[in-house]
Amino acid sequence: MKKATYIFVLFCTGHMVLAQEPAKKWYKGNIHTHTRNSDGNTSIDSVINWYVSQKFDFMSITDHNKLSYDETLASKYNSEEKFLLIPGVEVTDRFEKTPVHLNGIGVSENVLPLSGTSVDNVIAGNLADISQKNGLGILNHPNGILKAAITSEQISRIKNLKFFEVCCADFKGGSFKPSTDEIWDRVLSKGKILYGVAADDAHNFRPYSKDPGSAWIMVNAEKLEQKKIIEAMEKGDFYATTGVIIRNYSIADHKIQIEIESNGYGFRTYFIGQNGKVLSVDESDNPTFKMKKKHKYVRCRIERSDGAYAWLQPNFY
């Protein structure tokens with residue numbers, strides 16, 4: 001795992017690292033969920049305990065325009081290398097009929113919507129405010145439950161937008177809405193770096209609900225600490241999933257190598273390039289692909305035989 005992590009960081013950052021990278025681990029986390037503090041139906045403690053019981057390593061409660069986090073809560077649940085509660089808020093804004101929701105993860109204080117003169121202006125303004133308050137900003141469900149979609153053109157124009165939800169609610173599109181995969185490739189094809197996050201956006205924690213734990217991220221970090229988790233995400237050292245688990249992932253000499261935890265399932269890995277073109281399909285548990293300069297970027301989507309997915313971050317040649 002040390003070697004794989006070292007190579008990955010070299011490729012993504014584009015600069016030489018002479019010292020060996022510290023050993024890293026995969027941490028499971030959900031960074032978009034709600035409680036009774038906004039439009040959820042469950043108490044903060046019950047929500048946190050649900051993720052603890054399901055063996056999540058970290059989570060953020062992201063209530064609408066409200067920071068459901070304090071040091072008392074953190075001291076109650078945080079445990080070294082066992083569980084981490086990261087402060088978060090869903091900044092809930094709109095321009096005319098278009099809802100604009102952004103998660104602020106790791107913020108030092110609450111972030112309230114600023115409004116604006118256009119969709120672009122609303123996204124950029126709220127994103128800057130999240131950053132000013134030490135948070136990592138993520139564009140939520142661009143084509144999901146909120147009917148008015150954020151377009152790939154709008155995403156491409158926002159200079160400091162680096163993260164979006166590739167999986168949250170409706171990610172497949174249809175009825176004249178593009179899938180989040182299509183949005184992602186349109187943005188990447190313009191040369192913009194954009195990382196894809198998955199989250200369950202759970203509001204309902206009653207026994208019949210299928211939302212909690214339906215999607216999450218796996219972050220490859222040195223420690224289960226807020227700073228280390230966010231640093232790893234900033235580097236793109238994570239993947240999004242609805243159940244597919246990656247044992248190992250490495251890039252050496254532009255060759256992508258993936259090791260999938262099989263558990264008896266079948267898999268199909270799509271290596272996707274410029275304008276969403278499928279460059280290769282590999283149905284093994286150890287898919288590989290050799291990038292060429294003409295590809296510009298390659299990203300991977302893995303589909304499991306039971307309908308689960310995983311999305312790996314794009315790699316630029």
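The following exchange concerns a predicted model and takes up its largest nonpolar core, one of its helices and some of its salt bridges.

Visitor: Which element gives the largest share of the largest nonpolar core?

Guide: This core has 36 residues, of which I48, I246, I256, I258 and I302 touch the most other members. Among the elements that give two or more residues to the core are helix 3 (71–77), strand 11 (246–252) and strand 16 (297–304). The largest share, four residues, comes from helix 2.

Visitor: Where does this core lie with respect to domain 1 and domain 2?

Guide: Residues of the core come from domain 1 (25–242) and also from domain 2 (243–316). Because both domains contribute, the core lies between them.

Visitor: Why are the buried residues of helix 7 placed on the same side?

Guide: In helix 7, which spans residues 226–234, the buried residues include I229, I230, A232 and M233. These residues are on the same side of helix 7 because the arc they cover around the axis is only 160°.

Visitor: Which residue forms a salt bridge with K24, and is that partner buried or exposed?

Guide: K24 sits in the loop between helix 1 (2–13) and strand 1 (25–30), and the pair links distant parts of the chain, 213 residues apart. K24 counts as buried, at 9% relative accessibility. The closest N and O atoms of the pair are 3.4 Å apart, and the partner is D237. With a relative accessible area of 3%, D237 is buried.

Visitor: Which residues are linked with R301 in a network of salt bridges?

Guide: R301 is buried, with a relative accessible area of 15%, and its closest N and O atoms in the salt bridge with E303 are 3.1 Å apart. The network links R301 with D181, D185, R299 and E303.

Terms used:
Residues numbered from 1 in each chain as written. Predicted model: local features only at pLDDT ≥ 70, side-chain atom pairs only at ≥ 80, totals over all residues. Heavy atoms only, no water. Core = buried A, V, L, I, M, F, W, Y, C linked by side-chain atoms within 4.5 Å. Buried < 20%, exposed > 50% of the residue type's maximum accessible area, 1.4 Å probe, protein only. Domains from an automatic or database assignment. Arc of directions from axis to C-beta. Salt bridge = Lys/Arg side-chain N within 4 Å of Asp/Glu carboxyl O.
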